[in-house]
Amino acid sequence: MAEKINQKQNFLKGIIKDNPVFVMLLGMCPTLGVTSSAFNGLGMGIATLFVLLMSNIVVSLIKSQIPSKVRIPAFIIIIASFVTIVEMVLEAFIPFLYEQLGIFIPLIVVNCLILGRAEAFASKNTLLSSIIDGIGMGIGFTIALTALGAVREILGNGSIFDLRFVSEDANTFILFILPPGAFIALAYLSLLFNKLTLKSN
Amino acid sequence: MEYIIILIAAVFVNNIVLSQFLGICPFLGVSNKVSTSVGMSGAVLFVMTIATLATYLLHEFILVPSGLDYLRTITFILVIASLVQMLEIMLKKVSPPLYQALGVFLPLITTNCAVLGVAILALGLEDASLLKAVFFAIAHSIGFALALIVFASIREQLELANLPKGMQGVPINLLVAGLLSLAFLGFTGLV
């Protein structure tokens, strides 16, 4: 039973207590770069979730085989292989998303969130814990990206998931689709997140 | 003329940090002092230029002729990671003062997505050549340096400001970065 509670906390920590974006500030480049719409944020979140989960599984399985001196290059190779898979799958099946995410797909390799979890968690814990950690962190990241994308899309384009709720010629707050909007929207989202978590403590 | 346009576009119009969102981690992480941000900028200039040189040659003469273009991501990150290690060892031997200045920043650069990002973007340049790719990398690292140093100067002043509790730390830094990015948006249409 103790094991079970432990795993539940392990799962939840990635979403709230150690949220990769709002608390740990990992993976900020894709967070800011691709979230001009909720769909792009969700797509990037899921792609990252997949790479994070797979790299956590592989790192956790072969952790005893990797000499500790070359562990970082080894982790990078593992991550880069899965990123290449994601790149090819997206290009073949969802070309629209592939074009939207552009350079940020190969850049999943250098997303510090993935390398960080491989180094800090998967290389020290069991397979099951690593899987749950990967899913929890990945979902936390996906929620943050989708939320940021949704805020920017609602304010900047008057739509959500491409469903418009204002008329075609309505004036929207275009700033939020543009680069400065990413910083400003994330600033206020993390302020809100701080406020909510401070209150619950 | 073409090179001047590349320079202005990279430094002001499409600033790598403020409008392309590459290298945000060091931008937020090592920007609390102007002196450290100058050191980081120097290290990025150094690594980005050499990494782009190496990856461009690798892509042009090994990957494309042998049809292995899909291995781009893996090979580039490997080359960059080993290059950074090599540079660290070489600097230590050849130029201890430079190592003193840049040493601590070098390991951090492996996971700086600006380096990999520029190496990949340089491949997509219009009628690309080696010289152009290297110049492109230099121009982007100047843009990185400009954004980082300006941001660090503002943050040094911010330390004296009296902020509400929830606003301290991350939110105010992001807000400042947003305003800075808004200022750079003013350069749109320059080239």
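These legends walk through views of chain B and of its contact with chain A in a predicted model.

Here residues are numbered from 1 along each chain as its sequence is written, while chains are lettered from A and ligands numbered from 1 in the order in which they are written. Because the model is predicted, local features need pLDDT of at least 70 and side-chain atom pairs count only at pLDDT 80 or more, but totals for chains, interfaces and linings use all residues.

**View 1. The helices of chain B.** Chain B holds 9 helices and 0 strands; helices (H or I, at least four residues) and strands (E, at least two) are DSSP runs, numbered from the N terminus. Read from the N terminus, its elements go α-α-α-α-α-α-α-α-α.

**View 2. The overall form of chain B.** Its C-alpha trace spans about 60 × 45 × 30 Å along the principal axes. Of the 191 residues in chain B, 39% are buried, meaning that 20 or more other C-beta atoms, placed from the backbone, lie within 10 Å of the residue's own.

**View 3. Where chain B touches chain A.** The contact draws 30 residues from chain B and 34 residues from chain A; two residues are in contact if their C-beta atoms, placed from the backbone, lie within 7 Å. On the chain B side, the elements giving two or more residues are α2 (24-29), α4 (72-94), α7 (113-121) and α9 (170-185). The largest share, 9 residues, belongs to α9(B).

**View 4. Residue classes on that side of chain B.** Facing chain A are 23 nonpolar, 7 polar and no charged residues of chain B. Ala, Val, Leu, Ile, Met, Phe, Trp, Tyr, Cys and Pro count as nonpolar, Asp, Glu, Lys and Arg as charged, and the others, Gly among them, as polar.

Conventions. A residue is buried if 20 or more other C-beta atoms lie within 10 Å of its own, exposed if 12 or fewer, and partly exposed in between; C-beta atoms are placed from the backbone.
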